[in-house]
Amino acid sequence: MAEAAICPIDAQFSGEISTLLSSPPLPQVQEYFEALVSERQCSGIKVIPDSEHGKGVHSQFDFEENDLVLKDRMLVGAQHSSNKIDCLVCSFCFQFIGSIELQIGRKLYLEELGVSPFNECGPSDQMECSSSSEKINLSQDIIQSLMNGSLQLPYSEKFRLPSAVPCPGGCKEAYYCSKSCAEADWDSFHSLLCIGRGSSALNTEALLKFVKHANETNDIFIVAAKVISFTVLRYRKLKQQGKLDTSKSSSSCIFPLLLEAWKPVSMGFKKRWWDCIALPEDVDSCDESEFRMQIKDLAFESLQLLKEAIYDSECAPLFSLDIYGHIIGMFELNNLDLVVASPVEDYFLYIDDLPPSQKKEAEKITKSFLDALGDDYSISCEGTAFFPLQSCMNHSCIPNAKAFKREEDRDGQAIIVALRPILKGEEITISYIDEDLTYEERQELLADYGFTCKCPKCIEERP
Ligand SMILES: C[S@@+](CC[C@H](N)C(=O)[O-])C[C@H]1O[C@@H](n2cnc3c(N)ncnc32)[C@H](O)[C@@H]1O
């Protein structure tokens, strides 16, 4: 436990770290969110700072019930490691890729191999995975023919998916729906976190150790690493564009550039992870401080592995425990899930809805696959993401909006719809918790977010 107390970067760069963690000036916040709202083309909302709840989202015109209030692109996100066995999605926009056959074949193949999340296979290296398998239901040949495209399932052409584009760095871990997503991910995050030949990481062996540690402990570290990679890469781009003031000494001209690169992350509400993480039910309150120290040690352990893999001395403050803890805390407090529904579920529902004679014919082929998949046939893509606009929404136990994916929302964007008519100027709120719980249960859950709810429902139900 003594380890976490000693993080030399925290001591050496304490001034820079506190600047990075302080709230950006109000005009900068306003300018940033105005630009974001215009980029997202969601002119119906405005982010307004208020003294009571910090920032909040307010309506700019009247919304009807079920109206789309906001469609928000993530700043950074990742699929859960354990979910990677179930679905193959674009590593940048998170839509499903390949084909219905590949999605089904890959899942059955990996399940049969008993592959753990720490040892995944993409579409093209499946043949190279050593097979120790015992068959469960279907023969290897049938599963292989699904994956290599020689077996086409009936009606699957109605559910076409984009072909899987491999990572340009050659890692066989990340796949994309298009060349443009591959390039965008490479430029924004992946070039520094890729374990392939083209990686610009310092040490890909260390990177593998970092990922293994995250998979075995908490995959929130992977999203935190993406935030750091995003900032380092932005810093390098700004430097390349010549935005360095060469008339100043090197450290004083580097830091403003790092601050600029960090700007999108600086806008997120955050606290240190070990201070804001909810106490698990099986931890006694008298052991709370011990638990929080263990969480801090775990973050420290992960950070050391990441540092070995991608450290950049010009961005040193980013590799402090304080910054790492705040980045993870940002995900903890914003609680923003990444969910994309599976087209495999749609496919089997389509087969089930066919007229009886066509259904009988199709099921001669599809039934064995559905049986082999079992209850897991409809697993969605799931992960964690930070959505900059959605994360400005405050909570209410009687919210006027909610996060809701519609039929057409098949990628990693966040969708907020109105639950009832919202008048121009009203604050738009969502519920962070199950609002049907009792007053006491709600307050207990909201305490993890660091506030006591004073919405009209809580005021009315307060004992
Ligand atoms: C996801 S952020 C919401 C945006 C935040 N207000 C900001 O300034 O960025 C969650 C945090 O906002 C504050 N918050 C949200 N809803 C609140 C409410 N109903 N009452 C008081 N504080 C609230 C809490 O500090 C909470 O941890």
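## Strand pairing around β7 and β8

In this predicted model, D337 has T384 as its bridge partner in β8. The two strands concerned, β7 and β8, run antiparallel and are joined by four bridges. β7 covers residues 337-340 and has two unlike faces: L338 and V340 lie on the covered one, while D337 and V339 lie on the uncovered one. The residue that bridges to T384 therefore belongs to the uncovered face, because the faces of β7 are assigned as D337 with V339 and L338 with V340.

S380 sits in the loop between α14 (356-373) and β8 (381-386). Leaving aside residues up to four places away in sequence, S380 touches V339, V340, A341 and S342. Two of these names, V339 and V340, also appear in the account of the β7 faces, V339 on the uncovered face and V340 on the covered one. S380 counts as partly exposed because it has 18 C-beta neighbours inside 10 Å, and a residue needs 20 or more to be buried. The C-alpha atom of S380 is separated by 31 Å from that of A309, which is 71 residues away along the chain.

## The three-stranded sheet

A separate group of strands forms an open sheet in the order β1-β2-β11, with antiparallel pairing. Its edge strands are β1 (45-50) and β11 (427-428), each of which pairs on one side only. Two bridges hold β2 and β11 in the antiparallel sense. V57 has I428 as its bridge partner in β11.

## Ligand shell

The ligand is surrounded by 16 residues, of which the closest are G54, K55, F269, N394 and F451. By type, the shell holds six nonpolar residues, nine polar ones and one charged one.

Which strand supplies the largest share of the shell? That share, three residues, comes from β2. Both β2 (54-59) and α12 (321-334) supply at least two shell residues each. β2 also takes part in the open sheet with β1 and β11.

## Nonpolar core

The largest nonpolar core has 117 residues, and the members that touch the most others are V76, V89, C90, A224 and F386. Helix α8 (residues 220-240) gives this core its largest share, twelve residues. In soluble globular proteins, nonpolar side chains tend to be buried together.

C90, one of the core members named above, touches Q95, I97, Y175, Y176, C177 and C181 when residues up to four places away in sequence are not counted.

## Positive phi outside glycine

Q41 and F94 are treated together here. Q41, which is not a glycine, has a positive phi of about 55°. Its place is in the loop between α3 (26-39) and β1. Q41 counts as exposed because it has 8 C-beta neighbours inside 10 Å.

F94 is likewise not a glycine and has a positive phi of about 70°. F94 is placed in the loop between β4 (76-79) and α4 (100-113). Is F94 buried or exposed? With 26 C-beta neighbours inside 10 Å, F94 counts as buried.

## Confidence

The protein chain has a mean pLDDT of 91, and 91% of its residues reach 70 or more. Over residues 118-122 the pLDDT is below 50, and this stretch has 13 contacts in the model beyond near neighbours in sequence. Residues 124-135 also stay under 50, with 15 contacts beyond four places in sequence. Where pLDDT is low, the predicted coordinates should not be read in detail. For the complex, the predictor gives an ipTM of 0.99 and a pTM of 0.91.

Methods: Residues numbered from 1 in each chain as written. Predicted model: local features only at pLDDT ≥ 70, side-chain atom pairs only at ≥ 80, totals over all residues. pLDDT = per-residue confidence, 0-100. Contact = placed C-beta atoms within 7 Å. Near = placed C-beta within 6 Å. Nonpolar A, V, L, I, M, F, W, Y, C, P; charged D, E, K, R; others polar. Core = buried A, V, L, I, M, F, W, Y, C linked by C-beta atoms within 7 Å. Buried ≥ 20, exposed ≤ 12 C-beta atoms within 10 Å, placed from the backbone. Pairing = 2+ DSSP bridges.
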